[in-house]
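Here are some short exercises to work through with the model open beside you. Try each task before reading its solution.

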Amino acid sequence: MQKIYPDAAAALDGLLFDGMTICAGGFGLCGIPERLIDAIQASGVKDLTIASNNAGIDNEGLGKLLRSRQVKKMISSYVGENKEFERQYLAGELEVEFCPQGTLAERCRAGGAGIPGFYTKTGVGTQVAEGKEVKNFDGQDYILERGIRADLSIIKGWKADESGNLVFRKTARNFNQPMATAGKICVAEVEEIVPVGSLDPDCVHLPSIYVKRMILGAPYDKKIEFRTTRPREAA
């Protein structure tokens with residue numbers, strides 16, 4: 001199967017529709033599928049439900065889709081650093097399902113593994129537990145969390161071979177791996193594509209069976225959320 005597409009628009013062709021659910025990899029501006037997000041914005045698809053650790057920052061990452069009002073609901077663990085995310089939520093224009101960070105990662109991992117739900121202590125006795133089943137194990141209460149399944153997963157990798165075996169680089173491994181498995185179809189953008197056999201099998205983070213379509217997204221501009229500097233010391 002030919003998995004490599006010429007650009008993001010081609011890789012997403014036929015996959016997007018109004019009201020769909022998307023799992024998006026990345027953390028802040030690290031490891032986000034920039035080219036695929038731009039293509040989704042350009043497509044005009046709307047009423048999206050997006051599961052992602054956060055929504056980037058204003059006008060960067062998923063923040064672009066918030067600005068264009070294409071997102072109906074965010075399933076996230078963090079809303080900081082994005083004023084538009086905060087504004088839409090407080091104004092009642094955006095539905096937000098807050099989810100503890102580890103729970104969100106496990107919900108996506110569980111969905112990808114075919115596990116419909118699991119019990120966790122995280123959130124017991126808080127607003128996170130409201131409306132959820134509580135079960136006692138060995139004298140401790142746990143709440144039931146549902147696995148997440150999406151119509152589409154969009155992720156970013158560092159290096160891939162031509163068959164779709166993927167390697168993530170350092171922190172960019174974060175949510176990309178569980179998000180990739182949670183979608184019915186996973187589309188990946190990567191910084192480099194190498195011939196099959198070039199990658200050490202022990203270093204492959206995501207097997208090619210999960211990756212249905214792939215693009216070469218490079219070159220990228222490194223965007224920094226916060227830049228902290230100190231005055232230059234006198235010579």
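**Exercise 1. Decide whether lysine 156 is buried, partly exposed or exposed, and describe its surroundings.**

Step 1. Start with the accessibility: in this predicted model, lysine 156 has a relative accessibility of 11%. Buried means under 20%, so lysine 156 counts as buried.

Step 2. Place the residue in the fold. Lysine 156 belongs to strand 8.

Step 3. List the contacts, setting aside neighbours within four places in sequence. Lysine 156 touches Gly31, Ile32, Pro33, Glu34, Phe168, Asn176, Glu189, Glu191 and Tyr220.

Step 4. Look for a charged partner. The side chain of lysine 156 forms a salt bridge with that of glutamate 191, at 3.7 Å from N to O. This pair links distant parts of the chain, with lysine 156 in strand 8 (residues 152-161) and glutamate 191 in strand 10 (residues 186-194), 35 residues apart.

Step 5. Check the partner too. Glutamate 191 has a relative accessible area of 36%, so this residue is partly exposed.

**Exercise 2. Find which lysine meets glutamate 97 in a salt bridge, and say where the two residues sit.**

Step 1. Remember the principle: side chains of opposite charge can pair when their charged atoms come close.

Step 2. Identify the pair. Glutamate 97 meets lysine 73, with 3.1 Å between N and O.

Step 3. Locate both ends. Glutamate 97 is in strand 4 (residues 95-98) and lysine 73 is in strand 3 (residues 71-76); they are 24 residues apart, and the pair links distant parts of the chain.

Step 4. Compare accessibilities with the 20% cut-off for buried residues. Lysine 73, at 17%, counts as buried, whereas glutamate 97, at 24%, counts as partly exposed.

**Exercise 3. Name the salt-bridge partner of arginine 87, then trace the network around this pair.**

Step 1. Find the partner. Arginine 87 pairs with glutamate 93, and their closest N and O atoms are 2.9 Å apart.

Step 2. Classify both residues. Arginine 87 is partly exposed at 35% relative accessibility, and glutamate 93 is partly exposed at 38%.

Step 3. Follow the shared partners. Salt bridges join Asp58, Arg67, Arg69, Glu84, Arg87 and Glu93 into one network.

Step 4. Put this in context. Across the whole structure, a search finds 15 salt bridges.

**Exercise 4. Pick out the buried residues of helix 2 and see what follows the helix.**

Step 1. Mark the helix, which covers residues 34-43; its buried residues are Glu34, Leu36, Ile37, Ala39 and Ile40.

Step 2. Recall some geometry: an α-helix has 3.6 residues a turn, so residues three or four places apart point the same way.

Step 3. Move just past the helix. Glycine 44 takes a positive phi of about 80° there.

**Exercise 5. Work out whether the radius of gyration of the protein chain agrees with that of a compact globule.**

Step 1. Get the expected value. For 235 residues, a compact globule would have a radius of gyration near 18 Å.

Step 2. Compare. The protein chain has 19 Å, which agrees.

Step 3. Add the wider picture. The chain has 6 helices and 11 strands, and buried residues make up 44% of its 235 residues. Of the contacts with a separation of 6 or more, 71% are between residues 24 or more positions apart.

Step 4. Finish with charge. There are 30 positive and 31 negative side chains, and the centres of the two sets lie 1 Å apart.

Methods
Residues are numbered from 1 along each chain as its sequence is written. This is a predicted model: local features need pLDDT of at least 70, side-chain atom pairs count only at pLDDT 80 or more; totals for chains, interfaces and linings use all residues. Side-chain values use heavy atoms; hydrogens and water are left out. A salt bridge is a side-chain nitrogen of Lys or Arg within 4 Å of a carboxyl oxygen of Asp or Glu. Helices (H or I, at least four residues) and strands (E, at least two) are DSSP runs, numbered from the N terminus. Buried means under 20% relative accessible area, exposed over 50%, partly exposed in between (1.4 Å probe, protein chains only). The radius of gyration is taken over C-alpha atoms; the globule rule is 2.2 Å times the number of residues to the power 0.38. Contact means heavy atoms within 4.5 Å. Lys and Arg count as positive and Asp and Glu as negative; His and the chain ends are not counted. The place of a charge is taken as NZ of Lys, CZ of Arg, CG of Asp or CD of Glu.
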